[in-house]
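Please work through the following exercises on one helix and two pockets, consulting the sequence and the model.

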Amino acid sequence: MQVLSVEAVVTPLDDMIVQPFTGRVVRQILFKIAEKVEAVEFAELLSSKAPFKPYSMTPLYFNGRPLFKDKDEAKPIYLRRGREYVFRVCLIVKSLEFLKILLGFLGYLELYGSKKVMVSIRSAEIFDESTIGLDLKPGKCVTIRFETPTLLQIPKIRKHSKIVRYMLFPIPNLLIYSLKKHWNAYAEDKIKIASWRANYALVPLDYELKPITVMYDKKRYIRGFVGWVMYRVLTKSKKLLETFGKLLKYGEFVNIGKSRSSGFGVIKVSVQS
C-alpha cells in the first residue's frame with residue numbers, strides 16, 4: 001500500500017458563500033481537478049462505494065482552524081477574495097500514474113458555475129506502508145487532537161448485525177478498531193492484534209473534549225466530539241508499540257471514525273520526546 005498526501009492552497013478571486021461544512025467544497029475542487037486533467041481513475045476513486053474509502057480529505061482551513069458551521073450559528077461561511085485557504089487530501093494509490101493529477105492542482109478552477117479560485121500545491125509526498133509509524137515508548141505520553149467532529153463506531157455484537165452504535169469519547173480500543181479496519185482493507189501487511197489491548201497499552205491521562213453538532217447541508221446535521229486527549233503508553237511490548245504507532249500515524253492520513261473520507265475525524269498526533 002502507498003499513500004499519496006497532497007496539501008494544497010486555495011485562493012478565491014471573488015468573495016463567495018460556500019457549504020456549511022467545507023469538506024464538501026474540497027470534494028467539489030477534487031472533482032474539478034479530475035475533470036481538468038482527464039483523470040478518469042481519480043474520479044472513479046472519489047466515487048468509490050467501498051465501505052472504507054480509498055481516500056480522505058480535510059475541510060478548508062484558515063489560520064490553522066477548520067471551517068465548518070455549528071448548528072446554532074446563523075451566519076453562512078464566506079471565503080474572502082485573496083485569502084489563502086488550505087486543505088489536505090490523501091489517496092491510497094496502486095501506481096505512480098496517479099501523480100499526473102498533481103498537474104490539476106496548478107492553476108484556476110471554477111466553482112459554483114462562475115466563481116474562480118486559484119489552486120497551488122504546498123506539499124506532496126508518497127508514503128509506503130512500511131515507513132508509516134510513530135516512535136511510541138513505554139512511559140511516554142501521546143496526545144491526539146481531534147480537529148473536526150469525530151464519531152467512533154462500537155464493534156457490532158454480530159458480524160452481520162444491522163444495529164450500529166457510536167461513541168462520543170475516544171476510548172483507545174475504538175480508535176484502534178477504526179484504524180485497523182481501514183488499514184486491513186488496503187495494506188499488504190495485515191494487522192491481527194486485538195483492539196481491546198489498546199485499553200491496557202494507552203491509558204487516558206488528561207483530556208479536553210466537547211460534543212458538537214455541525215451542519216452538513218440544509219437537511220443533515222452530524223454530531224461528534226472535538227478537542228484532545230493525552231494518553232500514557234503503558235506497554236513494553238515491541239509488537240504493540242510498533243502496531244499502535246503505525247495505526248495512529250495512519251490516522252493522520254485517512255482520518256478516523258464515521259464519514260472520515262468527507263473531512264470528519266481529522267486528527268493530529270504528537271508524541272512526547
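The exercises below treat the helix and then the pockets.

The model is predicted, so that local features need pLDDT of at least 70 and side-chain atom pairs pLDDT 80 or more, while totals for chains, interfaces and linings use all residues. Residues are numbered from 1 along each chain as its sequence is written, and side-chain values use heavy atoms, without hydrogens and water.

**Exercise 1.** Determine how far helix α3 reaches and whether its residues are buried or exposed.

*Solution.* Step 1: α3 (helices being DSSP runs of H or I, at least four residues, numbered from the N terminus) covers residues 172-186. Step 2: from first to last C-alpha, α3 reaches 22 Å, close to the 21 Å expected for its 15 residues (1.5 Å times one less than the number of residues). Step 3: 11 of the 15 residues are buried (under 20% relative accessible area, 1.4 Å probe, protein chains only), so α3 is largely enclosed by the rest of the structure. Among the buried residues are Pro172, Tyr177 and Trp183.

**Exercise 2.** Describe the lining of the largest pocket.

*Solution.* Step 1: 20 residues line the largest pocket, with Pro51, Phe52, Gln153, Gly257 and Arg260 nearest its centre. Step 2: α3 provides the largest share of this lining, 4 residues. Step 3: the lining comprises 6 nonpolar, 7 polar and 7 charged residues.

**Exercise 3.** Describe the lining of the second largest pocket.

*Solution.* Step 1: its lining has 24 residues; Arg65, Pro66, Leu67, Phe68 and Glu73 lie nearest the centre. Step 2: β13 (202-215) gives the most, with 4 residues.

Terms used. Helices (H or I, at least four residues) and strands (E, at least two) are DSSP runs, numbered from the N terminus. Buried means under 20% relative accessible area, exposed over 50%, partly exposed in between (1.4 Å probe, protein chains only). On a 1 Å grid over the protein atoms alone, a cavity is a set of points where a 1.4 Å probe fits but cannot get out, and a pocket is an open set with protein on both sides within 12 Å along at least five of seven lines; lining residues have an atom within 4 Å of a point. Ala, Val, Leu, Ile, Met, Phe, Trp, Tyr, Cys and Pro count as nonpolar, Asp, Glu, Lys and Arg as charged, and the others, Gly among them, as polar.
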